[in-house]
Amino acid sequence: TVKTCVLCVSGAAMAGPRPVVMSGPSGAGKSTLLKKLLTEFEGVFGFSVSHTTRSPRPGEEEGKDYHYVSREVMKAAIANGEFIENAEFSGNMYGTSKAAVQAVQAKNLICILDIDMQGVKNIKRTDLNPIYVSIQPPSMEILEKRLRDRKTESEESLQKRLHAAKVDMEISKEPGLFDVVITNDDLDVAYGKLKHAVLEVNIFQCKCPSERKAPVSR
Ligand SMILES: Nc1ncnc2c1ncn2[C@@H]1O[C@H](COP(=O)(O)OP(=O)(O)OP(=O)(O)O)[C@@H](O)[C@H]1O
Ligand SMILES: Nc1nc2c(ncn2[C@@H]2O[C@H](COP(=O)(O)O)[C@@H](O)[C@H]2O)c(=O)[nH]1
């Protein structure tokens, strides 16, 4: 049972709840973990739907997983100032539009972004003020196995992602870059750590008046 503050969940007691940035190597388990969070805390967290120039994978949906656009459309939108951040990753463009974050915040939900390391560095230059969570694999070998078993990448894309993962795993050790670094070995253990990190910042540390801070169970 998780005790949550009604006011924080509504966003009424704070200047605004802190968004959550999740980053880490491709295949580390970011989507798996954030889907669990979005399901358990439906009505609390909302996903920032990024734009990408890569093709949809089987089962992915336009507007839910990504907005799938051409390189031309994406470049024009970036030039038009529509993006908070954007990056090139494994041969494709990715980016967080202002509209994607605003759509989540307009529903009074805590915004979750799933972005790569370049995105993390770029978001740090904005006033978004999120909590930064790095999801790391237990080892390169396990990461490669998970990516291969996912069967979503060509050999070329897989090699690019593994190369980027090595860089990511080194940079994520930089002190102060992330608020929390979670090794995703056992999924339930990793999820417990993620949940604690994001709830602690947004709910347990609530400064709202105590008489209105009635805990509710979810
Ligand atoms: N703790 C875990 N144990 C075993 N398999 C896992 C675990 N976490 C995730 N997986 C599996 O590993 C694969 C990669 O996970 P996922 O797609 O969530 O990674 P990701 O970090 O979101 O990758 P990307 O950045 O490419 O979107 C998936 O097939 C997923 O089911
Ligand atoms: N900088 C950004 N990175 C993003 C964004 N959306 C996703 N990503 C990252 O891209 C890789 C690959 O994703 P995949 O879905 O093709 O496997 C992964 O690390 C994501 O975190 C974004 O808007 N900006």
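Which residue in β9 does Val-21 stand opposite? In this predicted model, the residue opposite Val-21 is Tyr-132. The pair belongs to a contact between two parallel strands, β2 and β9 (residues 131-136), which are joined by four bridges. Strand β2 also pairs with β8 (residues 110-114), again in the parallel sense, here over three bridges. Within that second pairing, Met-22 of β2 has Asp-114 as its bridge partner.

Strand β2 itself spans residues 20-23 and is covered on both faces. In a regular strand, side chains alternate between the two faces of the sheet. In β2, Val-20 and Met-22 lie on one side, Val-21 and Ser-23 on the other, and all four are buried.

Several of these residues recur in the largest nonpolar core, a set of 37 residues. Val-20, Val-21 and Met-22 are among those with the most contacts inside this core, as are Phe-45, Ile-112, Val-133 and Leu-194. Helix α8 (residues 187-204) gives the most to the core, with five residues. Ile-112 shows how distant parts of the sequence meet: leaving aside neighbours within four places, its contacts include Val-20, Met-22, Leu-34 and Phe-45. Pro-19, Gly-46, Phe-47 and Ser-48 are also in contact with Ile-112.

A second region is an open sheet of four strands, in the order β5-β4-β7-β6 and with mixed pairing. Its edges are β5 (66-68) and β6, each of which pairs on one side only. From one strand to the next, the twist averages 25°. The pairing of β6 with β7 is antiparallel and has six bridges; Phe-89 has Asn-92 in β7 as its bridge partner. Helix α3 (residues 71-79) lies across β4 (50-52), β6 and β7, and runs at about 40° to β7.

Strands β6 (83-89) and β7 (92-97) also take part in the surroundings of ligand 2: these two strands and helix α5 (117-123) each supply at least two residues of the shell. That shell has 15 residues, with Ser-50, Ala-87, Tyr-94, Ile-115 and Gly-119 the closest. By type, the shell around ligand 2 holds four nonpolar, six polar and five charged residues.

Ligand 1 is surrounded by 13 residues, of which Ser-26, Gly-29, Ser-31, Thr-32 and Leu-187 come nearest. Helices α2 (30-40), α6 (140-150) and α8 each give two or more residues to this shell. The shell around ligand 1 divides into three nonpolar, six polar and four charged residues. Helix α8 thus appears both in the shell around ligand 1 and in the largest nonpolar core.

Technical notes. Residues numbered from 1 in each chain as written. Chains lettered and ligands numbered in written order. Predicted model: local features only at pLDDT ≥ 70, side-chain atom pairs only at ≥ 80, totals over all residues. Core = buried A, V, L, I, M, F, W, Y, C linked by C-beta atoms within 7 Å. Buried ≥ 20, exposed ≤ 12 C-beta atoms within 10 Å, placed from the backbone. Contact = placed C-beta atoms within 7 Å. Near = placed C-beta within 6 Å. Nonpolar A, V, L, I, M, F, W, Y, C, P; charged D, E, K, R; others polar. Pairing = 2+ DSSP bridges. Axes fitted to C-alpha atoms, helices over the stretch in contact; angles between N-to-C directions.
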